[in-house]
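Got your viewer open and ready? Let's take a walk through this one together, one selection at a time.

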Amino acid sequence: GAFVTGDSLTIADLVVLWFYLGLASGGFDHLPKEIVGEFKHATALVEKIKAERPEVMQLFEENATPTH
């Protein structure tokens, strides 16, 4: 399916999204934010969520990304 566990958005997708956004924002010590480029499937998942569920993306961008 297009999502982690099949054809619909689940908590598994949200965990991947949270981790991906954390990496992309530099929110994890000792991991460069450019590392997200190596995760092609996760990148595709994030793009799918952006396109199909913008309200979820907005919530995560505003509230759920790890910070220093």
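A salt bridge, for this tour, is a side-chain nitrogen of Lys or Arg within 4 Å of a carboxyl oxygen of Asp or Glu. Keep in mind as we go that this is a predicted model.

**Stop 1: a pair to try that on**

Select K48 and E52 and show their side chains. The closest N and O atoms of this pair are 2.4 Å apart, so K48 and E52 form a salt bridge, the cut-off being 4 Å. Both residues sit in helix α2, four residues apart, which is about one turn of the helix. How exposed is E52? Its relative accessibility is 46%, so E52 counts as partly exposed.

**Stop 2: another pair in helix α2**

Stay in helix α2, which covers residues 40–52, and pick out K50 and E47. These two are three residues apart, again about one turn of the helix. K50 and E47 form a salt bridge too, with 3.6 Å between their closest N and O atoms. Colour the pair by accessibility if your viewer can do that. K50 has a relative accessible area of 38%, which makes it partly exposed. E47 is partly exposed as well, at 43%.

**Stop 3: just past the helix end**

How many salt bridges does the structure hold? There are three, and R53 with E55 makes one of them. Select R53 and E55, and look for the closest N and O atoms, which lie 2.8 Å apart. R53 counts as partly exposed at 33% relative accessibility, and E55 is partly exposed at 40%. As a general point, side chains of opposite charge can pair when their charged atoms come close.

**Stop 4: zoom out**

Now hide the side chains and switch to a cartoon. What secondary structure does the protein have? You should find three helices and zero strands, so the order from the N terminus on reads α-α-α. The radius of gyration is 12 Å, close to the 11 Å that the globule rule gives for 68 residues, so the protein is as compact as a globular protein of that length. Turn the C-alpha trace along its principal axes and it spans about 35 × 25 × 20 Å.

Next, put a surface on the whole thing. The protein exposes about 4500 Å², and carbon and sulfur atoms supply 59% of that area. Of its 68 residues, 28% count as buried. Take contacts between residues at least 6 apart in sequence: 57% of them join residues at least 24 apart.

Colour by charge while you are here. There are 5 positive and 10 negative side chains, and the centres of the two sets lie 4 Å apart.

**Stop 5: helix α3**

Select E61, found in helix α3, residues 54–64. With a relative accessible area of 48%, E61 is partly exposed. Add L21 to the selection. E61 and L21 are 40 residues apart along the chain, and their C-alpha atoms are separated by 7.8 Å.

Now swap L21 for T10, which you will find in the segment before α1. T10 counts as partly exposed, with 25% relative accessibility. Where does T10 lie relative to E61? The two are 51 residues apart in sequence and 18 Å apart in space, C-alpha to C-alpha.

Another residue to click in helix α3 is L59. Is L59 buried or exposed? At 51% relative accessibility, L59 counts as exposed. Draw a distance from L59 to A2: the pair is 57 residues apart in sequence, and the C-alpha to C-alpha separation is 21 Å.

**Stop 6: a loop with a twist**

For the last selection, go to H30, in the loop between α1 (11–24) and α2. What is the phi of H30? It is near 70°, a positive value in a residue other than glycine. For background, most residues other than glycine have a negative phi. Turn the surface back on and look at H30 again: at 81% relative accessibility, H30 counts as exposed.

Terms used:
Residues are numbered from 1 along each chain as its sequence is written. This is a predicted model: local features need pLDDT of at least 70, side-chain atom pairs count only at pLDDT 80 or more; totals for chains, interfaces and linings use all residues. Side-chain values use heavy atoms; hydrogens and water are left out. Buried means under 20% relative accessible area, exposed over 50%, partly exposed in between (1.4 Å probe, protein chains only). The radius of gyration is taken over C-alpha atoms; the globule rule is 2.2 Å times the number of residues to the power 0.38. Contact means heavy atoms within 4.5 Å. Accessible areas come from the Shrake-Rupley method with a 1.4 Å probe; for residues, only the protein chains shown count as cover. Lys and Arg count as positive and Asp and Glu as negative; His and the chain ends are not counted. The place of a charge is taken as NZ of Lys, CZ of Arg, CG of Asp or CD of Glu.
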